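Biologist: I have a structure in front of me that I have never looked at before, and I would like to learn how to read its features one at a time. Could you take me through them slowly?

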Amino acid sequence: MKKLLLYFSIFFAATLYSCQDKLDVQGLTNFPPTVLSASPNVSVKLGTFDLKAVLVTGPGSPLSSGTITLKDAEGKTLYTVTEPLSGVKDSIVAKAADFNSAALPLGAYTLEITAVNASNLTTVSSSVFNVSKTLYPAKNVKMYIAGEFNGWGATELTLITDFTWEIKNIDLQGKAWKLKNTTDWTDQDWGDGDCDGLMTSNKADGGNKDTNCKFSGLVNVQFNDQTLTYSVKPAVNFKTNLSGLFVLGGFNNFEGDNYKFQLKSDNTWELGEIRLKPGDEFKFSESPYFKGKNYGDSGKEGVAAEFSPNFSWTLPDGFYKITFNDATLKYTTTLVRYPYPDKLYLVGSATSVGWNPGSSVQFLKTGDGKFEMYAYLTHTDTDGGFKFLQVQDWAGAWGKSTDGNLAQDGGNNIQVATDGFYRITADFIAKTYTTTKTSWAVVGNATPGGWPVNDPDPGVLTLTGGSGTYKLSIDNITLTGGDHELKFRANNGWDINLGDDGSNGSLEYDGDNILSPGAGVYLIELNLAPTGYTYTLTKK
């Protein structure tokens, strides 16, 4: 009898445990539905886009319906739709045309998703996204890179993820560059003057400086416009026998990373620009502190030797590009430029263009390192005046030194004593400049005043249009014909005079006399534009 009771107890307990286990399984498979994904999220580009949600539920109670609701930043419902659903996983989509996505203003929106299953269990989930001009969130609508490598133009970057812009396969040529959010420098730009991987805005206290960290070769540049961090990485990986390469010489006390090569192709290194003067001694070194391998003069033209004597420079003072092959040990040096500008621009409050570098006016180049321009200048105090630019930006700007010569990066503004039409010259070999106020006249035996003997000159020309123009003229002047001639000269003298070599309408200093076009009354115009000096004689 006791055994029978024991068997019955065991059977009853087993049955009860089995029922309880079955109930737990049902409970575990009948839970509220879940929003597996919803889009858009974070940000979406203005235009055509759909609203979509993917919903899931347990096998114990399939989905029955789903609702998508779109609200604006104030919580106002702009659109809602409910659709029947089925199974353990389903989706609901609101097409762009249904809620006119293209007409939505820029700003923040709430996407609210409601999911209901067959057991009437309900889940409500919401997320905020932005409709913006870009696919990803960013502080700027556009981003450009500008530098010496592209003439300080504007090469556009691509927004590749949140706040991150990128440009690939670009060669910075080891020269200065910046990032900017407009093509014409009218808003923000960023530079890293410390080469520490962190950009500084031009609107920060103290402004910013160009990024001049000697990057060259094909690289990929990324910039985060929220954190202002950036990276410059090689676009491809090349074979090499060295961990790096630097020029060390007397000009940097034979140490430092000022002159760092970039690996341009297999085993081939390039230093985009280094200034070398006669008598300079230097070597190529694997590290900036003479660790690892170093290379010097082998005694053979164009071939280096490991651990050999210093190179000794004998060519003219200039900026040179150096290439070096770490397999063959062959090297080349190529002149890039002499140590003076190839182009020159005028900017400043004394000029017609003001202090905007993008509007600066280009000089006429008269020789290597020599430039000239005629321009109307106004007198200003020491805070005003003008400067010379090498490019249409402030990098490498020239002003005057305390001794009155040309000085780069930090030179003072240049002023003139009185308003007037000036001849401006700059000689970067001699490091000098001149500003000569001019008053022009047409003279000669073809003119009523003839060849003048005493001051002042007759036939004075008047500047047409004032500041920002280059044309001077005299109207209703009577010329005689025959073999009579005329010429233009400044300041009642012959130090500055213009004639026409070749009778082609183009003027040259100390040029030939201009033959009269014939007797009559004329409008005579002298054009001293920076593009070249010309004249016209128009019979009335």
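Modeller: Let us begin with a term: a residue counts as buried when its relative accessible area is under 20%, and as exposed when that value is over 50%. Please keep in mind throughout that this is a predicted model.

Biologist: With that cut-off in hand, what percentage of the residues in the protein chain is buried?

Modeller: Of the 540 residues in the protein chain, buried residues make up 44%.

Biologist: Which helices and strands should I expect as I trace the chain, and how many are there of each?

Modeller: The protein chain has 44 strands and 2 helices. As for its overall form, the radius of gyration is 38 Å, whereas the globule rule gives 24 Å for 540 residues, so the chain is more spread out than a compact globule. Taken along the principal axes, the box filled by the C-alpha atoms is roughly 155 × 70 × 40 Å.

Biologist: What share of the contacts comes from residues that are 24 or more positions apart?

Modeller: Among contacts in the protein chain with a separation of 6 or more, 60% are accounted for by residues 24 or more positions apart.

Biologist: Let us turn to sheets, then. How do I read the order of strands in an open sheet?

Modeller: It helps to start from a general idea: in a regular strand the side chains alternate between the two faces of the sheet. In this structure, one open sheet of 5 strands has the order β10-β9-β13-β14-β15, and its pairing is antiparallel. The edge strands are β10 (155–156) and β15 (200–201), each of which pairs on one side only. At the β10 end, strand β9 (residues 144–147) pairs with β10 in the antiparallel sense over 2 bridges, and the bridge partner of Y144 in β10 is E156.

Biologist: Beyond β15, which residue could I look at in the loop that leads to β16?

Modeller: K203 is found in the loop between β15 and β16. Its relative accessibility is 56%, and because exposed means over 50%, K203 counts as exposed. Leaving aside neighbours within four places in sequence, K203 is in contact with D187 and Q188. K203 also lies 8.2 Å from D189, C-alpha to C-alpha, although the two are 14 residues apart in sequence.

Biologist: And is strand β16 itself largely enclosed or open, and what are its partners?

Modeller: Strand β16 (residues 218–224) has 5 of its 7 residues buried, so it is largely enclosed by the rest of the structure. It is joined by 6 bridges to strand β12 (residues 164–171), with the two running antiparallel, and the bridge partner of I170 in β16 is V219. Strand β16 is also joined by 5 bridges to strand β17 (residues 230–234), again antiparallel, where Q222 has S231 of β17 as its bridge partner. The hairpin of β16 and β17 has 5 residues between the strands, and in it L228 takes a positive phi near 65 degrees.

Biologist: Where could I find another hairpin, with 2 residues between its strands?

Modeller: Strands β19 and β20 form such a hairpin, and N267 in the turn has a positive phi of about 65 degrees. Strand β19 (residues 262–265) pairs with β20 in the antiparallel sense over 3 bridges, and S265 has T268 as its bridge partner in β20. Strand β20 is also joined to strand β25 (residues 318–325) by 7 bridges, with the two running antiparallel, and I274 stands opposite Y320 in β25. Since 7 of the 9 residues of β20 are buried, this strand is largely enclosed by the rest of the structure.

Biologist: Finally, how many cavities of 30 Å³ or more does a search of the whole structure find, and what lines them?

Modeller: The search finds 2 cavities of that kind. The largest cavity holds about 70 Å³ of space, and its lining includes L346, Y376 and Y470; by class, that lining divides into 5 nonpolar, 4 polar and no charged residues. The second largest cavity holds about 50 Å³, and among its lining residues are K214, K260, E270 and E273. Its lining has 1 nonpolar, 4 polar and 4 charged residues. Strand β20 (residues 268–276) gives the most to this lining, with 4 residues, which brings us back to the strand we described with its hairpin to β19.

Terms used. Residues are numbered from 1 along each chain as its sequence is written. This is a predicted model: local features need pLDDT of at least 70, side-chain atom pairs count only at pLDDT 80 or more; totals for chains, interfaces and linings use all residues. Side-chain values use heavy atoms; hydrogens and water are left out. On a 1 Å grid over the protein atoms alone, a cavity is a set of points where a 1.4 Å probe fits but cannot get out, and a pocket is an open set with protein on both sides within 12 Å along at least five of seven lines; lining residues have an atom within 4 Å of a point. Grid points are joined across faces, edges and corners, and a volume is the space filled by probe spheres set on the points. Ala, Val, Leu, Ile, Met, Phe, Trp, Tyr, Cys and Pro count as nonpolar, Asp, Glu, Lys and Arg as charged, and the others, Gly among them, as polar. Buried means under 20% relative accessible area, exposed over 50%, partly exposed in between (1.4 Å probe, protein chains only). Two strands pair if DSSP finds at least two bridges between them. The radius of gyration is taken over C-alpha atoms; the globule rule is 2.2 Å times the number of residues to the power 0.38. Contact means heavy atoms within 4.5 Å.
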